[in-house]
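Visitor: Could you walk me through this one? I'd like to hear what sits behind the labels.
Guide: Sure, have a look first.

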Amino acid sequence: MSDKNKLHYYFKKSSISSHKALDTSSITAQGVNTIDTAILIETNESNNASSSILLSESSTSSSDSEYEIQDNENLKDKESASTTTTATATTILTTPTITTNDLSTKSSSSSTTSSFKRDPARGPEHAREFILLGPYQSVTSFPTVNHRHFCLNWYNVYKWIEYSETTQKACCFVCRFAYSPGQCDDAFTKNGFNNWAMAMNKFKKHEASIFHKKANESFVNAVKNNKDNMNVLKLINIEHKKATSENRNYLKEIIRTIIFIAKQGLSFRGHRENDESDNKGNLLELLEFRSLENELIRKKLGTVKYTHHSIQNEMLSIIQQHILSKIVSEIKISKYHSIMIDESTDISRHQQVSLVIRYTDDLFSVYERFIGFERASDKTGEGLFNLVIEWLNKLDLDIKNIIGQCFDGASSMRGSCKGVANLDVAEIVVPVRNNFGIVKSLYNLIEGSPKRHKIFDDLEKEAGIVPTTLKQLCDTRGACRYESLKAISSRYSEILSTLTLIDTGDSFILLLVIKTFDFVFHIYMMNEIFLITNILSKFLHGGEINPNIITIQDEYRLGSFYAVIDNIIKSIKERFDENYLSIVILCEKLFLTKTLLIQDDLTEIARFYNVSYDDLWAEQRLYKASFVLDEKKEWTLAKATKFFFQQNFHISLTTMNEILKILWIIPVNVCGCERSFSSLRRIKTYLRNTTGQERLSSLALINIEKDYQIDIDAIATDFVLKKDERKRIFLK
């Protein structure tokens, strides 16, 4: 906080305290000091602000102060028009000097409760409870005793006097406060005084007594001590509020820095983070850099800190939960959604499963939101299924609202035989599997060593061709396989020369193998197949090798080429059969053509998506009647959606609006998952290969979903409320 802000804060508080000050008359006693009632009330306000510390000699409560305000207001109201008539004379009362200004009054029920608590009839032991309120000087209808009654003006003359409405007698407040059995006059402490004919003489005599003077002096000292103590407490409270406010602002700066580093995909920690280290890691180095222009960070970084890696993990987890809560809220509003799942291996050889959820809003804007990474311990279809179900249950998402699923790489999720109905061709066709293993060994030998790669690179330059590298043979992506086989077929001669120059045991074996016709045939064959099928060759179904071999030509044609082609055809057929494309085609006809769908088609759509057939039939006729189709231009789903909005059909045609949303939500690829793996490779590098699973998922979510605005104040509040010690440091 700057000096200017500190002065503004100080004078603002002073102005408020000044505004609340009260003008009251003083309590005086013969031969002793004077007490200002305004001081008592101001002290009581300080006591309310610092009620956690109470002195045994001056304990009170804020409600008692409010009761005093109510009593004094009642006193003002009643004294303005009050006249008391007795049998012998009429006494005109003047307004007493004990008043309070600018204070709010309490209800009548609160006043009644206060009167009972402060009534002197309760005994002298209760006087200490109301040290800051002083004598209880009630205004009531005083009864007549022997042609005499209590005079209201005595409150002005004898500041110590108080009146009990219960016993209808007068008492001395200061003597009750300092009551000591056997040393004081019980008539003014316990029993009460009501001999009004002798009142003036008795009051003067009591006021001049030694015990009364000592009692009044004790009362004055107690009030002063209480005021001094309350001033100290007020200063302590102000300083505590100032310190906690600075600490909270510092905490928010740490959170802001953590969010920045996470969004950029940078590492947090350094190898050594002590004061002697030249590089303490991005978090500490960035905080120290910001402290050059931020006085608060410079002041708190060495004392409060809160930069430990466990604190980082906790803050990252809270930020992750805040982002996830927003995503889940949007998904629930959309109701329908699709899930996309893919898996990949990170630098630590852990199988990471990525979950992306696709949904749309009321304006048909489509969103694909990354949810997180989970490590797959069971790679079977059942294991992955249970993982996804548990994941969705944690997010409180209803699986009944899932209208589409897309799996890429997670092929074990598909099928009925342990989830594996779509096996890779390389795992089924034995010759292809064997030769793919040789391709992997070839890649590891040449590209696994910079020295060996340089030999291969130099041979490419000598041949006058553009240098390239061998590509790794991916187990799940057909495009990568095509690139890998293409590199080998196009650089076959250079690979042979490289293996000859390397001259090791492994290179000698590989050189012999790749010279065989079997290897060359399968590499060129699979290269041509992958060129044609490309992405559709990802998951191929199994088959058996025909044992009836006649010639060498028949062996390769039937055992390799036909086996691969059969698996590709079978895979394509089953992939499209299981996707219920007939329903999607019917829905497209519903929106993209002017022809009315027949009853059977509408019935199939209504049954499949569980909507009302009657509503769908009526809405179709209204939509088609307004439909304007330009045959010269291609009518797409995007154009149909725009027309749907222009006609306000999203409001009137609720059933078709629901089906249109479903069409937009159906996924066609898992690009969202692939992008999450790109983030995974940036976050979990070989220098950060020990990153925990929860921290990894939090960092990935913050890095990928950057467009979400993060409420730093809410993050700080959640972090502080987790532990009581933090409440003392960061909460006012």
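Visitor: Why does R248 count as buried or exposed, whichever it is?
Guide: Buried means under 20% relative accessible area, exposed over 50%, and partly exposed in between, using a 1.4 Å probe and protein chains only. R248 has 15% relative accessibility, so R248 counts as buried. Before we go on: this is a predicted model, where local features need pLDDT of at least 70 and side-chain atom pairs count only at pLDDT 80 or more, while totals for chains, interfaces and linings use all residues. Residues are numbered from 1 along each chain as its sequence is written, and side-chain values use heavy atoms, with hydrogens and water left out.

Visitor: Where is R248, and which residues does R248 touch?
Guide: R248 has its place in helix 8 (residues 210–264). Helices here are DSSP runs of H or I with at least four residues, strands are E runs of at least two, and both are numbered from the N terminus. Not counting residues up to four places away in sequence, R248 touches D713, A716, T717, V720, F730 and L731. Contact means heavy atoms within 4.5 Å.

Visitor: What makes K727 buried, exposed or partly exposed?
Guide: The relative accessibility of K727 is 32%, so K727 counts as partly exposed. K727 belongs to helix 30 (residues 724–730). Beyond four places in sequence, K727 touches V720 and L721. The C-alpha atoms of K727 and T717 are 9.4 Å apart, with their positions 10 residues apart along the chain.

Visitor: And what about the whole chain: how much counts as buried?
Guide: 45% of the 732 residues count as buried. The chain has 30 helices and 10 strands. Among contacts between residues at least 6 apart in sequence, 68% join residues at least 24 apart.

Visitor: Which residues touch the most other members in the largest nonpolar core?
Guide: Those are I255, I319 and I357, in a core of 67 residues. A nonpolar core is a set of buried Ala, Val, Leu, Ile, Met, Phe, Trp, Tyr and Cys residues joined through side-chain atoms within 4.5 Å. Helix 11 (residues 309–334) gives the largest share of this core, 10 residues.

Visitor: How do you know which domains this core lies between?
Guide: Residues of the core come from both domain 2 (223–307) and domain 3 (308–407 + 578–731), so the core lies between them. The domain bounds come from an automatic or database domain assignment. As for I255, its contacts outside four places in sequence are M315, I319, I712, I715 and A716. Another core, of 32 residues, lies apart from this one, and its members include I131, W160, W196 and V223.

Visitor: What makes Y158 buried or exposed?
Guide: The relative accessible area of Y158 is 3%, so Y158 is buried. Y158 lies in the loop between helix 5 (154–157) and strand 5 (161–163). Setting aside neighbours within four places, Y158 is in contact with Q137, M200, F203, K204 and E207.

Visitor: What is the angle between helix 23 and helix 26, and what is that arrangement called?
Guide: Helix 23 (residues 613–626) and helix 26 (residues 654–665) pack at about 90 degrees, their axes 8 Å apart. That makes helix 23 roughly perpendicular to helix 26. Angles under 35 degrees count as roughly parallel, over 145 as roughly antiparallel, 65 to 115 as roughly perpendicular and the rest as oblique. Axes are lines fitted to C-alpha atoms, for helices over the stretch in contact, and angles run from 0 to 180 degrees between N-to-C directions. On the helix 23 side, D615, L616, E619, Q620 and Y623 make the contact, and on the helix 26 side T654, T655, M656 and I659 do.

Visitor: Why are helix 21 and helix 23 called parallel, perpendicular or oblique?
Guide: Helix 21 (residues 581–592) packs against helix 23 at about 45 degrees, with the axes 9 Å apart. Helix 21 and helix 23 are therefore oblique to each other. K589, L590 and F591 of helix 21 meet L616, Q620, Y623 and K624 of helix 23.

Visitor: What about Y306: buried or exposed?
Guide: With a relative accessible area of 17%, Y306 is buried. Y306 sits in the loop between helix 10 and helix 11, and has a positive phi of about 60 degrees although Y306 is not a glycine.
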